[in-house]
Amino acid sequence: MKGFARREFQLVLLRRMADYQPDLVAAAAGSLGASRTEMREVNARWQRLVRSRAFPNGRRRLAVVLGPPANEEIRRFGDVECEIAQWPLWLWPDLRYEAMTAPDGTIMQEWLVRAPDVPVPGLETVDDLAPWSCVVGDMDRLFAPVEHAPGEVPSRWHVGFAAEGSAYMAHFVWGLLQAVEVTGSGRRGRLD
């Protein structure tokens with residue numbers, strides 16, 4: 001394997017998604033011409049790169065792999081200004097890979113988001129929430145109020161919401177919906 005670029009980066013994202021959606025991941029990897037063995041090798045190489053002292057940190061790391069961002073902006077969160085950068089990826093043309101960087105250059109959040117000019121898909125009911133059909137930000141628009149909870153590893157996120165008389169938990173990897181489960185009836189409980 002020579003170099004590490006957008007194709008390999010997408011394989012790294014897929015690797016974590018395979019825990020939830022192995023069939024979708026296999027099809028997506030196949031569309032990139034990658035085998036399961038190559039996915040494992042690429043992921044192992046990525047882990048070595050991000051732990052290397054010679055490889056850049058923060059957003060520079062993403063720029064080395066993905067090139068210059070397609071979109072950049074500054075967002076204010078209270079007194080803190082964060083830089084937001086987004087890159088397109090072939091597997092998800094309606095989405096962008098977004099990194100939010102703190103003033104010191106540390107990446108605070110990175111995940112897939114809806115592209116700026118792409119409308120939220122026609123999702124109206126829980127049954128419409130198929131794997132890979134939406135991103136975390138879509139849940140706020142579709143099922144507000146929602147409760148956000150970080151996952152057990154940085155690539156995972158969970159969103160609790162109520163709809164149709166039941167409570168649900170939506171599970172995301174790199175910001176992309178992987179699964180939805182019923183967690184109870186009526187009002188949802190607090191997420192910890």
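The following legends describe views of a predicted protein model, from the overall fold to individual aromatic pairs.

**Figure 1. Order of the secondary structure elements.** The protein contains five helices and eight strands. Read from the N terminus, these elements follow the order α-α-α-α-β-β-β-β-α-β-β-β-β.

**Figure 2. Overall dimensions and burial.** The C-alpha trace extends over about 50 × 45 × 30 Å along its principal axes. A compact globule of 192 residues would have a radius of gyration near 16 Å, and the 17 Å of the protein therefore agrees with that expectation. Of the 192 residues, 48% are buried. When contacts between residues at least 6 apart in sequence are considered, 43% of them connect residues at least 24 apart.

**Figure 3. Surface and charged side chains.** The exposed area of the protein amounts to about 10400 Å², with 50% supplied by carbon and sulfur atoms. The charged side chains comprise 23 positive and 25 negative ones. The centres of these two sets are separated by 9 Å.

**Figure 4. Close-up of the pair Trp46 and Phe55.** Eight aromatic pairs are found in a search of the whole structure. In the pair shown here, the ring centres of Trp46 and Phe55 lie 6.3 Å apart and the planes meet at 80 degrees, so the arrangement is edge-to-face; the cut-off for this class is an angle over 60 degrees. Trp46 counts as buried because its relative accessibility is 6%. Phe55 likewise counts as buried, at 13% relative accessibility.

**Figure 5. Close-up of the pair Phe143 and Phe161.** The rings of Phe143 and Phe161 form a tilted aromatic pair, with 4.8 Å from centre to centre and 40 degrees between the planes. This pair joins distant parts of the chain, since Phe143 belongs to helix α5 (residues 136-143) and Phe161 to strand β6 (residues 156-163). The two residues are 18 apart in sequence. Phe143 has a relative accessible area of 6% and is therefore buried. Phe161 is also classed as buried, because its relative accessibility is 0%.

**Figure 6. Close-up of an aromatic cluster.** Five residues, Phe9, Trp46, Phe55, Tyr97 and Trp174, make up one aromatic cluster. Among its members are Trp46 and Phe55, the edge-to-face pair of Figure 4. Both Trp46, at 6% relative accessibility, and Phe55, at 13%, are buried members of this cluster.

Technical notes:
Residues numbered from 1 in each chain as written. Predicted model: local features only at pLDDT ≥ 70, side-chain atom pairs only at ≥ 80, totals over all residues. Heavy atoms only, no water. Helix = DSSP H or I, 4+ residues; strand = E, 2+ residues; numbered from the N terminus. Rg over C-alpha atoms; globule rule 2.2 N^0.38 Å. Buried < 20%, exposed > 50% of the residue type's maximum accessible area, 1.4 Å probe, protein only. Contact = heavy atoms within 4.5 Å. Areas by Shrake-Rupley, 256 points an atom, 1.4 Å probe, with all protein chains shown as cover. Lys, Arg positive; Asp, Glu negative; His and termini not counted. Charge placed at Lys NZ, Arg CZ, Asp CG, Glu CD. Phe/Tyr/Trp six-rings, centres within 6.5 Å; stacked < 30°, edge-to-face > 60°.
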